[in-house]
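Colleague: Before we use this model, I would like to go through the terms attached to it and hear, for each one, what it rests on.

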2 protein chains.
Amino acid sequence: MDDEELFVLFRDNGYKVTTQRLAISKFILAREDHPSAEKIYKGLKTDYPTLSLGTIYKTLHTLKELGLIQELGFEEGSIRYDPNTSPHLNVVCTSCYKIYDYKSKTIEDFWSLIVSELKFKSEGQRFDIYHECDECKKLKK
Amino acid sequence: MDDEELFVLFRDNGYKVTTQRLAISKFILAREDHPSAEKIYKGLKTDYPTLSLGTIYKTLHTLKELGLIQELGFEEGSIRYDPNTSPHLNVVCTSCYKIYDYKSKTIEDFWSLIVSELKFKSEGQRFDIYHECDECKKLKK
DNA sequence: GTAACTGCAAACGCTTTGCACTCCC
DNA sequence: GGGAGTGCAAAGCGTTTGCAGTTAC
């Protein structure tokens, strides 16, 4: 999503277009590793030194409201933000909590089947699979 | 799981068998609504007035270690405890956060397919589907 | 007897809130 | 100019930790 699209989206939904909103939105929408608020903060503070964590949380809520991102809560207490709201599998490392998306026809097929089986309209979904990633395995050796 | 089985499980894994451990374990293992620590606390404090939340958290960690339960983190900050560790779908209400399990052949089949597709050993999984439950829909009318 | 467990309270960490200041529109 | 948005700091809240007293074995 480029500046122009975001600009229109915010304006049409009654949100003001601010430098911070654009920066945070572009940052999260471009990433596939589902960063935490802290990661976003660290990733942007060099370019936007006055940016605060509070603003990041508020912007993330706005983006969720607009349906652009999904929140993924984890047991260790943090929330990760996922810009992919279509059915996919989050491959999560049980050691470093790295996440990446996996998509395939298997998942699409499963989703159509399960939706017709359940007989109600879904408002979203979350599929996780947990395993230790290769990097973490190496570190233990 | 009855007292006898839990007794053996704890003893064989080097954990002492205490009244609190038995009570908390039986409580969580018998429920399908994935209660929070607070819910477990409220559910047991009448029968065990001196029981503390700290003990509940410690016991839940022990049960996780033993592979009897899974932790499900949510965006609103709480953790829910799921005694069903086999592949299933958590049907989650977006309004009251009520959860129930849904199992079917579709899910089993999907699981076998995805595991063979991914080519690594999984340490667990979590499948959620979000929608507003009937009760919450009624309340809004 | 002693090591593990419990209960309590204080500490923690992530997220939210309140409010004065700022900046879109 | 006015109201939404930002930045900062304080508050909130579920969970964890530390420790003295207790209990299983």
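**Chain against chain**

Modeller: Let me begin with a zero: between chain B and chain A the count of salt bridges is zero, and the model is a predicted one.

Colleague: What would make a pair count as a salt bridge here, and what is there in polar contact between chain B and chain A?

Modeller: A salt bridge needs a side-chain nitrogen of Lys or Arg within 4 Å of a carboxyl oxygen of Asp or Glu, and between chain B and chain A the count of these is zero. Polar contact is judged on N or O atoms within 3.5 Å, and 16 residue pairs between chain B and chain A, both at pLDDT 80 or more, are in such contact.

Colleague: Which elements supply the side of chain B that touches chain A, and how do its residues divide by class?

Modeller: At least two residues each come from strand E1 (70-73), strand E3 (89-93), strand E4 (99-102), helix H5 (105-118) and strand E5 (124-131) of chain B. By class, that side of chain B has 16 nonpolar, nine polar and nine charged residues.

Colleague: How many residues are in contact, and what area is buried between the chains?

Modeller: With contact set at heavy atoms within 4.5 Å, 34 residues of chain B are in contact with 34 residues of chain A. The area buried between chain B and chain A is about 2900 Å², and carbon and sulfur atoms give 65% of that.

Colleague: How do you know that the copies meet through the same surface?

Modeller: Of the interface residues of chain B, 100% are also interface residues in chain A, so the copies meet through the same surface.

Colleague: And what makes the relation between the copies that of a two-fold rotation axis?

Modeller: Two copies of a chain are related by a rotation about an axis and a shift along it. Here a turn of 180° with a shift of 0.0 Å along the axis lays chain B on chain A with an RMSD of 0.0 Å. The two copies are therefore related as by a two-fold rotation axis.

**The DNA strands**

Colleague: Which residues come nearest to DNA strand C, and which part of the strand faces the protein?

Modeller: Being near requires a heavy atom within 4 Å, and of the 18 residues around DNA strand C, A:Tyr57, B:Thr18, B:Gln20, B:Arg21 and B:Thr50 come nearest. Of the atoms of DNA strand C that come within 4 Å of the protein, sugar and phosphate account for 80%.

Colleague: What makes the pairs of A:Lys58, B:Lys58 and A:Ile79 with DNA strand C polar contacts?

Modeller: The limit is 3.5 Å between N or O atoms. A polar side-chain atom of A:Lys58 is 3.3 Å from a base oxygen of DNA strand C, and a side-chain N or O atom of B:Lys58 lies 2.9 Å from a base oxygen of that strand. For A:Ile79 a polar backbone atom is 2.9 Å from a phosphate oxygen of DNA strand C. Each of these distances is under the limit.

Colleague: Which element gives the most to the surface near DNA strand C, and which gives the largest share near DNA strand D?

Modeller: Near DNA strand C it is H4(A), with three residues, whereas near DNA strand D it is H4(B), with three residues.

Colleague: Which residues come nearest to DNA strand D, and how far are A:Thr18, A:Thr55 and A:Lys58 from its oxygens?

Modeller: Of the 19 residues around DNA strand D, A:Thr18, A:Gln20, A:Arg21, B:Tyr57 and B:Ile79 come nearest, and sugar and phosphate make up 76% of the strand's atoms within 4 Å of the protein. Side-chain N or O atoms lie 2.6 Å from a phosphate oxygen for A:Thr18, 3.0 Å from a phosphate oxygen for A:Thr55, and 3.0 Å from a base oxygen for A:Lys58.

Methods
Residues numbered from 1 in each chain as written. Chains lettered and ligands numbered in written order. Predicted model: local features only at pLDDT ≥ 70, side-chain atom pairs only at ≥ 80, totals over all residues. Heavy atoms only, no water. Least-squares fit on C-alpha atoms with pLDDT ≥ 70 in both. Polar contact = N/O pair within 3.5 Å; in protein donor to acceptor, adjacent residues only side chain to side chain. Helix = DSSP H or I, 4+ residues; strand = E, 2+ residues; numbered from the N terminus. Buried area = accessible area lost by both parts, 1.4 Å probe. Nonpolar A, V, L, I, M, F, W, Y, C, P; charged D, E, K, R; others polar.
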